Amino acid sequence: MTTEWFDRVTEELQDHLNSICEQYDQVGHMNINRASKHPRIEFFVSTLEDERDYFCTILFDPYNEEFYVESFDVELLQPTRIMLDDITDIIEAVHESFHEFLEDDSESELIYLDDDGDNDDDDDDDEIMLEEIDVDWETPEVTAFLIDDNIEVTYQFGIDSANGDGVLRRRNRSWVDDEEFVDESTFTFKKDEASTIIAMIASHMDKLIGYDEIIDL
């Protein structure tokens, strides 16, 4: 049993999905769930009611190293598997399911949120999002990197008091001619995602480049 093929596909999948179509790029989201005998990739849209509407689930059989979707044979009256041989088949399955979902839901009054957390086409940044949520900061700002009087990168962890999400805030400060510039961004996640995020970063640390490799000290 191995998940190597699952890991390879999921690493590449997001980049391919962004080019599926304009509609998916605006509202489609992907979640990877490894905490089951058959890991799965779930696709969904978010609503104004802070809920997720799932429209496609791709499962992975680690014993046979195969991706598949579950269906139901109305003639045999039993569940069936539709095998997906490669990443192209996966993308086509997601795209088809996405548009079937939109067509079935076309008469609903639900409004789906884009990547900025709203339902417009503006590219609002994460700093604006931070002002709209109430965060209980669990840690002070922790310095991750510092070059005196030049660059400072800090992180701060908190909890969204409204829904219990983890919130990670990153601040990049730089100074030019005694003027300070601050670039701020946030990342939110559920408790179930934390261990996966940590594991993914830890397993690829050796591939990362540090500041000291790109900045002339």
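**Figure 1. Glu-42 and its salt-bridge partner Arg-40.** In this predicted model, Glu-42 has a relative accessibility of 11%, which means that this residue counts as buried. Is its partner, Arg-40, buried or partly exposed? Arg-40 counts as partly exposed, because its relative accessibility is 24%. The two side chains meet in a salt bridge, with N and O 2.8 Å apart. As a general reminder, side chains of opposite charge can pair when their charged atoms come close.

**Figure 2. Strands β1 and β2, side by side.** Strand β1 covers residues 29-33, and four of these five residues are buried, so the rest of the structure largely encloses this strand. Its neighbour here is strand β2, residues 40-46, and the two pair in the antiparallel sense over five bridges. To find your way along the pair, look for Ile-32: its bridge partner in β2 is Ile-41.

**Figure 3. A salt bridge between a loop and a strand.** Here the side chains of Glu-141 and Arg-173 meet, at 3.2 Å from N to O. Glu-141 sits in the loop between β6 (135-137) and β7 (142-147), while Arg-173 belongs to strand β9 (residues 166-176), so their salt bridge ties together parts that lie 32 residues apart in sequence. Glu-141 is partly exposed, with a relative accessible area of 31%, whereas Arg-173 is buried at 14%.

**Figure 4. Arg-171, Glu-184 and a shared network.** Which residue forms a salt bridge with Arg-171? The partner is Glu-184, and the closest N and O atoms are 2.7 Å apart. Arg-171 lies in strand β9 and Glu-184 in strand β10 (residues 179-189), so to speak two distant parts of the chain, 13 residues apart, that this pair links. Both residues are buried. Through salt bridges that share partners, Glu-141, Glu-152, Arg-169, Arg-171, Arg-173 and Glu-184 join into one network. A search of the whole structure finds eight salt bridges.

**Figure 5. A nonpolar patch on the surface.** Tyr-155, Leu-168 and Phe-187 form this patch, and together they have about 250 Å² of accessible area. Tyr-155 is found in strand β8, residues 151-160. With a relative accessibility of 33%, Tyr-155 counts as partly exposed.

**Figure 6. Stepping back to the whole chain.** The chain holds six helices and ten strands. Of its 217 residues, 32% count as buried. The chain exposes about 14,500 Å², and carbon and sulfur atoms supply 46% of that area.

Technical notes. Residues numbered from 1 in each chain as written. Predicted model: local features only at pLDDT ≥ 70, side-chain atom pairs only at ≥ 80, totals over all residues. Heavy atoms only, no water. Patch = residues over 30% accessible without salt bridge, like charges linked within 9 Å, V, L, I, M, F, W, Y side chains within 5 Å. Areas by Shrake-Rupley, 256 points an atom, 1.4 Å probe, with all protein chains shown as cover. Salt bridge = Lys/Arg side-chain N within 4 Å of Asp/Glu carboxyl O. Helix = DSSP H or I, 4+ residues; strand = E, 2+ residues; numbered from the N terminus. Buried < 20%, exposed > 50% of the residue type's maximum accessible area, 1.4 Å probe, protein only. Pairing = 2+ DSSP bridges.
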